Each structure stands twice: as structure tokens, then as C-alpha cells.
Amino acid sequence: MAEASPIQHRTRRGVLVWTLLAVAVTTAIAFDALRDRPRLPPPETEAPVEMPPTDRAFVLPSDPPDLPLGPHREEFAVSCTICHSTRLVANQPHFPQKKWAEIVHKMVAVYGAPLAPDDESRIVEYLMTMRGRPE
Ligand code: HEC
């Protein structure tokens, strides 16, 4: 058999390169089409999974505020727990009434606690029960 001339050799290589290129492009298009195919929802004939009965119960930790009873306790619990816990208040030293009034007013004037003026004095009364001391 006669040897292939350089021209025939180049042509064969060209055919091979073009074939490989065509295969690569076709594969890429096919993969792309598969990727974009919308996913089918799971068949609706599947029966719901029955969970076996269990004797386990989840008991969530309970940490109720430890607030002593006293007049206007509710107002305090509602108004003074919006931004911080009651613990912050309960951990303060025992203050005289004037100091508590200043603190409560600071909560309103500086931090924007939504309190009516009457609430301020009621809450100070409760704070005196909770953490008050005589002047
Ligand atoms: C609008 C938010 C807000 C509300 C409502 C609020 N506080 Fe505060 N309170 C703050 C912020 C902010 C601080 C400062 C916290 C810090 O320094 O870590 C603070 C701190 C305190 C402190 C610590 C001492 C001090 O002077 O900083 C006390 C006591 C206190 N608040 C009591 C109260 C009481 C009583 C009420 C209910 C009348 C109240 N807070 C309602 C925002 C609020």
C-alpha cells in the first residue's frame, strides 16, 4: 500500500479533530438540556410515612422570671422586658425610690421605653417592692 501523502495525512487529522469537536459540542448541549429540565414532583401515590408511637416527650426548659409578688408586677413584667430580661433589673443593688425613678425615666427618655407617665410611678412602686431601700 502506498504511503499517505502529507496532504492526505493532514486531511485525516482534520477530520478527526472536527469529529471530536462535534462530539464534544453535542455532549455539552445534551448535558445542558438535561440540567435545565424541570424536576418532576415526587409521585403522589406514595403513602405517608407512619411514625411508630414513641414514649419520648420533649420538655422545653422553662425559665420563668422570678418576680416577687407586689402591686403593679404586671406592668413591670410587660413594660420592662421588651429590651432586656428582668434579670438585669433583679441583679441591681437595692436602690432608694429616687434612684429607681431616675432609672425608669432614663429607660423612657434615653432608650425609648413606651411608657405612659402614670406607668412610670407604678413601676417605680413595684421596683421598691422588688429592689427598694429607704432613702
Ligand atoms: C426600649 C428598650 C428598653 C426598655 C423598654 C427598658 N429598658 Fe432598661 N435598659 C435598656 C438599655 C439599652 C439598657 C442598657 C443596657 C446595657 O447597658 O447593657 C438598660 C438598662 C437597664 C438597667 C441597668 C442599669 C442602667 O441604668 O443601665 C436597669 C435597672 C433597667 N434597664 C431597668 C428597666 C426597667 C425598670 C424598665 C421598665 C420600665 C426598663 N428597663 C425598660 C433598654 C430598655
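Begin by selecting Phe76, Cys80, Val89, Trp100, Val104, Met107, Ile123, Val124, Tyr126, Leu127 and Met130, the eleven residues of the largest nonpolar core, where a core is a set of buried Ala, Val, Leu, Ile, Met, Phe, Trp, Tyr and Cys residues joined through C-beta atoms within 7 Å. Buried means that 20 or more other C-beta atoms lie within 10 Å of the residue's own, exposed that 12 or fewer do, and partly exposed covers what is in between, with C-beta atoms placed from the backbone. Colour the helices (DSSP runs of H or I, at least four residues, numbered from the N terminus), and α5 appears as the source of the largest share of this core, five residues.

The model is predicted, and local features need pLDDT of at least 70, side-chain atom pairs count only at pLDDT 80 or more, while totals for chains, interfaces and linings use all residues. Residues are numbered from 1 along each chain as its sequence is written.

Next, select Tyr126, which, leaving aside neighbours within four places in sequence, is in contact (C-beta atoms, placed from the backbone, within 7 Å) with Gly70, Pro71, His72, Arg73, Glu75 and Phe76. Then move to Glu125 in helix α5, which is partly exposed because 18 other C-beta atoms lie within 10 Å. With the same neighbours left aside, Glu125 is in contact with Pro71 and His72, and its C-alpha is 9.0 Å from that of Trp100, 25 residues away in sequence.

Finally, show the ligand and the 18 residues that surround it, the closest being Cys80, Cys83, Met107, Tyr111 and Ala113, with nearness set by a C-beta atom, placed from the backbone, within 6 Å. Helix α4 gives the most to this shell, with four residues.

Definitions and conventions. Helix = DSSP H or I, 4+ residues; strand = E, 2+ residues; numbered from the N terminus. Contact = placed C-beta atoms within 7 Å.
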